[in-house]
Amino acid sequence: MRMLVRRLLLAGAALMLTTATAAAQTPAQPPTPALPATQAPPPTPAAPATPTPPPPQGAPTTPAPPIVTPSVPPPVTSPDARVFGKVLSIDDAVAIALDTQPNIKARLSDYVAAALRVDQALSPLFPQITGSWTAARDQNATGGKLSTGTDLTRTVTTWTTTTIARISLSQILFDFGKNFASTEAARKLADVALEDTELQRQLVTQTVKEAFTNINFAVRLIQVNQQAVERAELNLRSARGFFEVGTRPKSDVARAEVDVANARVDLIRARNAERLARVALATAMGLPATTALAIQDNLVYQPVTMDRARLGEEALRQRPEYRQARLNAEANDARLRRAHRDFFPDITGGGFYGATRADMNEIWELNLSLNWTIFDGGNRIARYREARANLDAAQARVKASELDISREVEQSINNVIEADERIQAAQVAVASAQENFRLAQGRFDAGVGTILELTDAQLALTQAQNTEAQALADYRIALARLDRAVGRR
């Protein structure tokens, strides 16, 4: 255990030294906007749909969003060499977070402290050596006669100095396993602290994956709403043109202006959501909130196969919460053994060696003691019953943790399946909405359609595209939560 603690401390020191060296060697850089990603997502397989004819001249198209680019890049205040000038994949973001997040470092320090408490619990089993040195000066007053023989007396004061130096040794010879039980409980609690470190790593990983996906979702919404603004502005120009030649009423122009304003409001909201998502990702990675990040687009559909039974078994093996519950039960079992052994005596051997007085005469002693508390007002009995109740509660929590993990795995699997099905339905809806908008726009341009028909078709297309983006984002987040439910990073 001491070797393990020493290795952890050395690893932490090396990590701090490496970070400081990298920071010293990184040249100062002026504030630089984030670089746009250049990787386009692979084509998403779409459900079969009726082929759509090309749109009429002047009608806007709705291509798939190719890249993730921040709408308003924040300034770089403290560029990190690991993110500055790079396009990060989701694995890159997770790796940086696991290396940088202060919450993980705090859990590691908690584990080191718990491991040292194991040594504290074991220390009474080793010899205890103490040294002492005591000096005392005493005053004595006595009376006597004068040299002339008269009865006149006087007081004679004398001083005596006493010095004692000794080294004492004591050793527990037999305590019926009390300290071994305490050490076992401390060791189990140290293992609980180690599992807490792994739990924090998994939570950080899930947070980073969700924030990464939320940025891509927000960027996709920006592109969808930007296209909606362009379509609304085109419709407004058409309505004004028809009104000027007298073929359309003024109400068509007013309706088109309302659509443009609503589309711009939605675009403003999407841009703010993207900025907030970037702040969430930066802080989840353990970086300043103002760090500019360029990331790859992960809103792509990748089908997965899931075995419910295998995933459930894997979750019980890998979830740190379940291992913590079992370790807590084992620690409470060790405490119960300690409480039971407190009813037995302690046998201790000891002695001391030293010297006393000014001439330092040698003194020594050997002893053997038996300490046994016969009655303490029922304190030990109450502690034993408390330990028994704590063990029963810990064993019940193991079963509760098993049920919770099983529920989370099943829910995560169902959420992945549901998001998968929504993607397929949303892609069909987008294709149908695009065709409906093309027809409505053609009818309006031909003078046989109404502005209400056109704006309804435009709204339906925007909603269908938003729904598709939401389904893709939910799918990626559901996969991240399934990894967390199973205990993966």
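In this predicted model, Ile-167 is found in strand β3, which runs over residues 153-174. With a relative accessible area of 55%, Ile-167 is exposed, since anything over 50% goes in that class. Ile-167 does not sit out there by itself: together with Ile-129 and Leu-169 it makes up a nonpolar patch on the surface. Between them, the three side chains of Ile-129, Ile-167 and Leu-169 belong to residues with about 320 Å² of accessible area.

From the surface, the description turns to the interior. The largest nonpolar core holds 32 residues. Within this core, the residues that touch the most other members are Phe-217, Leu-311, Val-409, Val-416, Ile-423, Tyr-475 and Leu-482. Helices α4, α5 (250-284), α6, α7, α8 and α9 each put in at least two residues, and α9 gives the most, with ten. A second, separate core is made of 21 residues, among them Leu-88, Ala-211, Ile-215 and Met-285.

Leu-311 gives a good look at the contacts around one of these core residues. Setting aside residues up to four places away in sequence, Leu-311 touches Met-306, Val-409, Ile-413, Leu-482, Val-486 and Arg-488. Two of those partners turn up again with Glu-314, a residue of helix α6 (residues 308-318). Once neighbours within four places in sequence are left out, Glu-314 is in contact with Val-486 and Arg-488. Although it is a glutamate, Glu-314 counts as buried, because its relative accessibility is 10% and the cut-off is under 20%. Glu-314 also has charged company: salt bridges with shared partners tie Lys-209, Arg-310, Glu-314, Asp-483 and Arg-488 into one network.

Helix α9 (residues 451-486) is also where Leu-479 is placed. Leu-479 is buried, at a relative accessible area of 14%. Apart from residues up to four places away in sequence, Leu-479 touches Val-304 and Val-416, and Val-416 is one of the core residues that touch the most other members. The fold also brings Leu-479 and Ser-412 together: the two are 67 residues apart in sequence, yet their C-alpha atoms are 7.7 Å apart in space.

Two of the helices can be compared with the span expected at 1.5 Å a residue. Helix α7 (residues 320-341) has 22 residues and reaches 31 Å from its first C-alpha to its last, close to the expected 32 Å. Helix α8 has 68 residues and reaches 95 Å on the same basis, close to the expected 100 Å. After α8 comes Gly-447, with a positive phi near 85°.

A good number of α7 residues are tucked away from solvent. The buried ones are Pro-320, Tyr-322, Gln-324, Ala-325, Leu-327, Ala-329, Ala-331, Asn-332, Ala-334, Leu-336 and Ala-339. Their cover includes α4 (178-244), α6 and α8 (379-446).

Salt bridges are the other recurring theme, and the structure holds 33 of them. In one, the side chains of Arg-319 and Glu-408 meet at 2.9 Å, N to O. This pair links distant parts of the chain, with Arg-319 in the loop between α6 and α7 and Glu-408 in helix α8, 89 residues apart. The two ends differ in exposure: Arg-319 counts as buried at 3% relative accessibility, whereas Glu-408 is partly exposed, with a relative accessible area of 26%.

Another salt bridge stays within helix α7. Here Asp-333 pairs with Arg-337, and their closest N and O atoms are 2.6 Å apart. The two residues are four positions apart in α7, so about one helical turn separates them. Both ends are partly exposed, Asp-333 with a relative accessible area of 29% and Arg-337 with 30%.

A further bridge starts just past that helix. The side chains of Arg-383 and Asp-342 meet at 3.4 Å, N to O. This pair, too, links distant parts of the chain: Arg-383 lies in helix α8 and Asp-342 in the loop between α7 and β5 (346-356), 41 residues apart. Arg-383 is partly exposed, with a relative accessible area of 32%, while Asp-342 counts as buried at 15% relative accessibility.

Technical notes: Residues are numbered from 1 along each chain as its sequence is written. This is a predicted model: local features need pLDDT of at least 70, side-chain atom pairs count only at pLDDT 80 or more; totals for chains, interfaces and linings use all residues. Side-chain values use heavy atoms; hydrogens and water are left out. Patches are made of residues with over 30% relative accessible area and no salt bridge: like charges are joined within 9 Å, nonpolar side chains (Val, Leu, Ile, Met, Phe, Trp, Tyr) within 5 Å. Accessible areas come from the Shrake-Rupley method with a 1.4 Å probe; for residues, only the protein chains shown count as cover. A salt bridge is a side-chain nitrogen of Lys or Arg within 4 Å of a carboxyl oxygen of Asp or Glu. Buried means under 20% relative accessible area, exposed over 50%, partly exposed in between (1.4 Å probe, protein chains only). Contact means heavy atoms within 4.5 Å. The expected span of a helix is 1.5 Å times one less than its number of residues. A nonpolar core is a set of buried Ala, Val, Leu, Ile, Met, Phe, Trp, Tyr and Cys residues joined through side-chain atoms within 4.5 Å.
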